[in-house]
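Student: Could you take me through one part of this model up close? I'd like to see how a single piece sits among its surroundings.

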Amino acid sequence: MKPVLASAIWAGLLLAGPAAAQDIDISDSALQQIAAILHEKESRTSLQQKLSSSLVYAINASRSVSLAAVPDLGAAPSGLSMDAQSGILVTIKATVSADLLNSIQQAGGRVVYSSAALGAIRARVPLSAVETLAGRADVASIKSALPPRHSGVSLADYLGPRLAKKVAGPAKPQLNVVQRILGKVGLPFFIGNTTTQGLITHGANTVQAGGVRGNGIRVGVLSDSAESIPLLIGTGDLPPDALNVADIIDGPGSSQGSAMMEIVYDLAPGVQIFFASAFNSPESFADNIRLLRNTYHCDIIVDNVSYSDEPAFQDGVIAQAVNDVTASGALYFSATGNAGNLTNGTASVWEGDFSPGGTSALLPGYTLHSFGSQSFNRLLTTTGVVNLSWSDPLGNSTNDYDLFVLNSAGTAVLPGGSSTTIQNGAGSDPFEEVFSSSGFPANARIVIAAKAGTQPRALHLNNFFGEPLQLKTTGRTHGHSASAGCVLSNAACPGRAFGVAAVAWNSARGFTRPFVGGASNPTEPFSSDGPRRMFYKADGTPITAGNVLFGTNGGIVLAKPDLAAADGVATRTPGFSPFFGASAAVSHAAGVAALVKSANPAATGQQIFNALTSTALDIRAPGIDRDSGYGIVMAPAAVNAILH
Amino acid sequence: MLPGSVKLHLPIMRIALSAALLGGTTASANIIYDSGSVTFSSTGTQFGRISRDGISSVWGVVKAFPGVTGAPTARAFELFDILDTGDTPYIQIGLDDPTASLFMAGYLNSFNPVNVSPSFGLSTNYLGDPGDSQPFGSPSFFQIIVTPHSHLVIPINELNPGGGAGQSFELLVEGFYDSSYSETPEPASLLLCGAGILALGLFRAFARVPKP
């Protein structure tokens, strides 16, 4: 079937409504609540249409304007990132000027980051000032913003609930006997530095012994923060010239960037290493990628940060920065995340085409999506953030989908569980997001509604923090970590972008030895999978015009992740020993790449890509697979390949 | 398991691996002990257990004793006693415990659990612990630094009373010459080891001098 014809048939099915007689397995009470919420949506003023629905709800709540039929839903979403002193964290799309920035300040707000070039401001703004700012002609939209996340796992954080148990004994420093003795006589010889086990498992020690140490290579690390740099320089875990060139603004952070730098330095001790924060805003992240490349001339850039509103089917602002630096020859490594995969049954994503699941007289003008056998998906554990995006171009979505979270019985919409931002063309992004700081409970139902006239689109539904869904698919990796770099626009792209998955360093359950591949070294059960389908080029041009659906094989499929590397390793950064997750993994991959690049500085991006991938140890499914890409990157074989 | 080495329990027998075996340059030179897959077998009782704080002891960082939880409820432990860690001061201990029902720690010379608050004897001679049991399904590990030829004691305790019965696990102990996992001594490492031994000797000599 031709793609365009198939799309037309899908559209016809939706518009003609042949499923109208289908029973909707959502209770009447919930349908009535959804209808009331959508009634409010349809009544929004042109000014309110510039706002994300979460802001509209918050403003209504502040004015005690509640929905009579569903009084709880008038409340502000509990997950709004509030700051008692200066308001709600928002992203303002605007023509950035000194006058606008001053207006934010004068309204009692605080600008976190602004980028005139990218037309965006990250700010904390009093709720009372939101509509005033939205009324300005130079403001296109204001949306509530969520903090980003990184792909590293601090075991202490993971164990948080367990740590709440009563501890009977005191926690006093206990130097071991040798350390006490040596300290007394002034011989702290045994207080050495800390080294990742990845040095051995990736064979980097062998390469170092051969004199290849990353000399002459500059590596830039992007994460939340790197407060531990001075400590690590003092202990010899980082070189004296390690430099933080763009710090976190609303810090402190976790210092995870320091742990990543440690790993890179352990594998490639000859590198010069830089840090910049990716936590200030997506635009700041993008600017800092370019800063590391254009100002600090980093050959290799590595990050572990993702934002909840990164698009699934088109390169967003961060991915476009990745494209830029790879176009100038950089090698870019990104953690694909810890959001689960289908192979292990841990996937936190559902992807598929919109399928009409029936209409109801209780929900006029809207059609619910069918997930197959039912018109809802379920959260399997408590979940904080749920996102929906679809295959419309960024900034010009004309198809209006909405997202709801209901209780487990499907009888009521949960507080904060509705996202009804209006998509009506220019300025509209194909994105809805619900969030709750206390979390939506396990077994809550997720429902997607399409406004009458909405065309079927490919959908990407995910839990931002990686909690599993009942109905799940492949394709969790998205956003800039699924970037192909500049290859899509230029086959001769001098750089390359890599997404990296995680493999436990001791997954073979033996001694500290190099990875062997195969079934002995599977990816982590929480590692995010691919592949990634893209329907649009970065400029919003369809890759396959008229075909933006999975079912008709629209767009292009990128094999992501590209590589896998070690996690669960020792670092000296406080809180990150052991250091689990794709953040640790991507740092190892970047370290190996630094060795390869230093072995042959003249090698092209394609040659380095070939060296890293052709020598990788095959794991998971034979050949290139959705869990590990080409497999585990190994330093000796990759260096050998680049030299021959 | 290494040829010639045996998994033994206190007070039955003890393991003594020679420095010569450990100081070689073969690929397996850093293997101090491998229990193989064994079934938990109680050799004693402790009161409560070390609190899991999510932090692995690693070389170069002195981990504070994390405290005791669940005291004074009795829990069984199985003790592994390594009389001689060999030439290598950098020790890494791994525990593969697929059911995440066990926990381990390292002690110097002896492990002396007692029913006395607040630490119930668990902090005495404490060297380090892995902070968690089988994190994300992976074997847990911790790292410590000891003088060459130290006497290392590793109790493996059940997390919950009775929870260790019938559980299979594997204990792995490796030794390295430096924090870069070197399996063969380098000149610098030898110098450091020598300095450590010298320091130990000096300290002991000073300690013998009667105080006025």
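Tutor: Here is a look at one helix, one acidic residue in it, and the core.

This is a predicted model, where local features need pLDDT of at least 70, side-chain atom pairs count only at pLDDT 80 or more, and totals for chains, interfaces and linings use all residues. Residues are numbered from 1 along each chain as its sequence is written, chains are lettered from A and ligands numbered from 1 in the order in which they are written, and side-chain values use heavy atoms, with hydrogens and water left out.

Let's start with A:D266, which sits in helix α12 of chain A, residues 256–267 (helices are DSSP runs of H or I, at least four residues, numbered from the N terminus). The helix has 12 residues and reaches 17 Å from first C-alpha to last, close to the 16 Å expected at 1.5 Å a residue (that is, 1.5 Å times one less than the number of residues). Because 12 of its 12 residues are buried, α12(A) is largely enclosed by the rest of the structure (buried means under 20% relative accessible area, with a 1.4 Å probe and protein chains only).

A:D266 is buried too, yet has no salt bridge: the nearest side chain of opposite charge, A:R213, is 9.9 Å away (a salt bridge needs a Lys or Arg side-chain nitrogen within 4 Å of an Asp or Glu carboxyl oxygen; Lys and Arg count as positive, Asp and Glu as negative, and His and chain ends are not counted). What A:D266 does have is a side-chain polar atom 3.0 Å from the backbone nitrogen of A:T196. Beyond neighbours within four places in sequence, its contacts are A:T194, A:T195, A:T196, A:L199 and A:Q208 (heavy atoms within 4.5 Å).

How values were computed: Helices (H or I, at least four residues) and strands (E, at least two) are DSSP runs, numbered from the N terminus. Buried means under 20% relative accessible area, exposed over 50%, partly exposed in between (1.4 Å probe, protein chains only). A polar contact is a pair of N or O atoms within 3.5 Å; within protein, one must be able to donate a hydrogen and the other to accept it, and residues adjacent in sequence count only if both atoms are side-chain atoms.
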